[in-house]
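I am keeping these entries while I look through one structure, going from a single helix to the sheet, the cores and the cysteines.

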Amino acid sequence: MKPGLVFIGNYLDPSRHSPPIGIELASRLRARGWEVLLTSSYENRLLRLLDMVSTVFLKRDFYQVAQVDVFSGLAFFWAEFVCQALRVLKKPYVLTLHGGNLPVFADKWPWWVRNLLSSAVAVTAPSQYLFQKMRPYCCSLEFLPNPINLSAYSFQERKHVALCLVWLRAFHHIYNPSLAPRVLALLKEEFPDANLTMVGPDKGDGSLELTRKVAQDLGVQDGVEYLGSVPKANVPDVLQQGDIFINTTNVDNTPISVLEAMACGLCVVTTNVGGLPYLLEDGVDALLVPPDDPQAMANAIRRLLTEPGFSEKLSANARRKAEGFDWSMILPQWEKLFLELDNKGNA
């Protein structure tokens, strides 16, 4: 019999926030006969924490195994608090590491991190970056990448590219969205028809307003379209409107948006921060450039237009790599893990 599960993380309104992978994991597990409870969806941080802890206690007869998301910063200590409650109830739990800043946080608070990770019956990392960086704090770390539904992303090989750029992230300072119009302005000096589509929710820290102002100050506002947040089901169609995907982030792990673009066959040009050099091979399946360097990113994009066969090579290799992240390969690994944890809890 499959054990009941509780997923503990930030499951906020998907119309305002990028949906975490746990939502789709829960949905796919339910479709295969698992019972899964999610907590919490409260926007208020204190209410969210209280809901997580109360759910752990009030629903203790519903679940046998817990899965807890672990981020850096204050959210790390929330995870610690939730895990203390799980330990009181003697419930086995798996920790899933998230966020490009977690290794920096671990260097600052090594005792806290080791203590929490050692308390879990299993710890998973969704990227090779986190897997390598966090191994000093957990010797039994497992690599379980964030998957995509490959069949939802039709592949179009980019034998020839037009300067139609697509940017897909939340408007937040860590993703440096204002870099995108700066890159566009440089490209327009040589390619006047270059255009940019920016997709993602506004996180409310002023990044969207700054991006609009930069575009206006540089005179490229007419070449930028802002679509806001789009439903997950519409992401493939949005991506296929462009040929080149730009990822401008200053901090990152293994972004699903990059994998989605690769699955569609877009040529990816990204900053080389966090987990991206662990995911991508420069010049093979993507182009990697230093962070916050508009000239370097514009030069990389020019290569796609000027080097014969280059865009076709990147496009085909990107799709090939994305195929290794399909749900059909990752979901059975999660099921195996949860069953093993339940058996350990019953031993």
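Which are the buried residues of helix 5 (residues 110-119)? I looked them up in what is a predicted model, and I found Val-113, Leu-116 and Leu-117. They lie on the same side of helix 5, because they cover an arc of only 95 degrees around the axis. I noted the general rule that an α-helix has 3.6 residues a turn, so residues three or four places apart point the same way. On the face of helix 5 turned away from its buried side I found the exposed residues Trp-111 and Ser-118.

Next I asked what the buried residues of helix 5 pack against. The list takes in strand 3 (65-70), strand 4 (93-97) and strand 5 (122-125), together with helix 3 (74-88), helix 4 (102-108) and helix 6 (128-134).

I then turned to the sheet, which is open, has six strands in the order 2-1-3-4-5-6, and shows parallel pairing. Its edge strands are strand 2 (36-39) and strand 6 (141-143), each of which pairs on one side only. From one strand to the next, I read an average twist of 25 degrees. Between strand 3 and strand 4 I found five bridges in the parallel sense, and I noted that Gln-67 stands opposite Val-94 in strand 4. Helix 2 (residues 45-58) packs on the sheet by touching strand 1 (5-8) and strand 2, and its direction makes about 150 degrees with that of strand 2. Helix 3, for its part, lies across strand 1, strand 3 and strand 4, and runs at about 165 degrees to strand 3.

For the interior, I looked up the largest nonpolar core, which has 36 residues; Leu-117 and Met-134 are among those with the most contacts inside it. Helix 3 gives the largest share of this core, seven residues. Leaving out residues up to four places away in sequence, I found that Met-134 touches Leu-97, Leu-102, Pro-103, Ala-106, Val-113, Leu-117 and Leu-141. Another core, of 35 residues, lies apart from it and includes Trp-167 and Ile-301.

Last, I checked the cysteines, and a search of the whole structure finds zero disulfides. For Cys-83, the nearest cysteine sulfur is that of Cys-138, 12 Å away; is Cys-83 buried or exposed? Its relative accessibility is 0%, so Cys-83 counts as buried. Cys-139 is also in no disulfide, with the sulfur of Cys-138 the nearest at 6.0 Å, whereas a disulfide would need the two sulfur atoms within 2.5 Å. Cys-139 counts as exposed, because its relative accessibility is 79%.

Notes. Residues are numbered from 1 along each chain as its sequence is written. This is a predicted model: local features need pLDDT of at least 70, side-chain atom pairs count only at pLDDT 80 or more; totals for chains, interfaces and linings use all residues. Side-chain values use heavy atoms; hydrogens and water are left out. Buried means under 20% relative accessible area, exposed over 50%, partly exposed in between (1.4 Å probe, protein chains only). Helices (H or I, at least four residues) and strands (E, at least two) are DSSP runs, numbered from the N terminus. The arc is that of the directions from the helix axis to the C-beta atoms. Contact means heavy atoms within 4.5 Å. Two strands pair if DSSP finds at least two bridges between them. Axes are lines fitted to C-alpha atoms, for helices over the stretch in contact, and angles run from 0 to 180 degrees between N-to-C directions. A nonpolar core is a set of buried Ala, Val, Leu, Ile, Met, Phe, Trp, Tyr and Cys residues joined through side-chain atoms within 4.5 Å.
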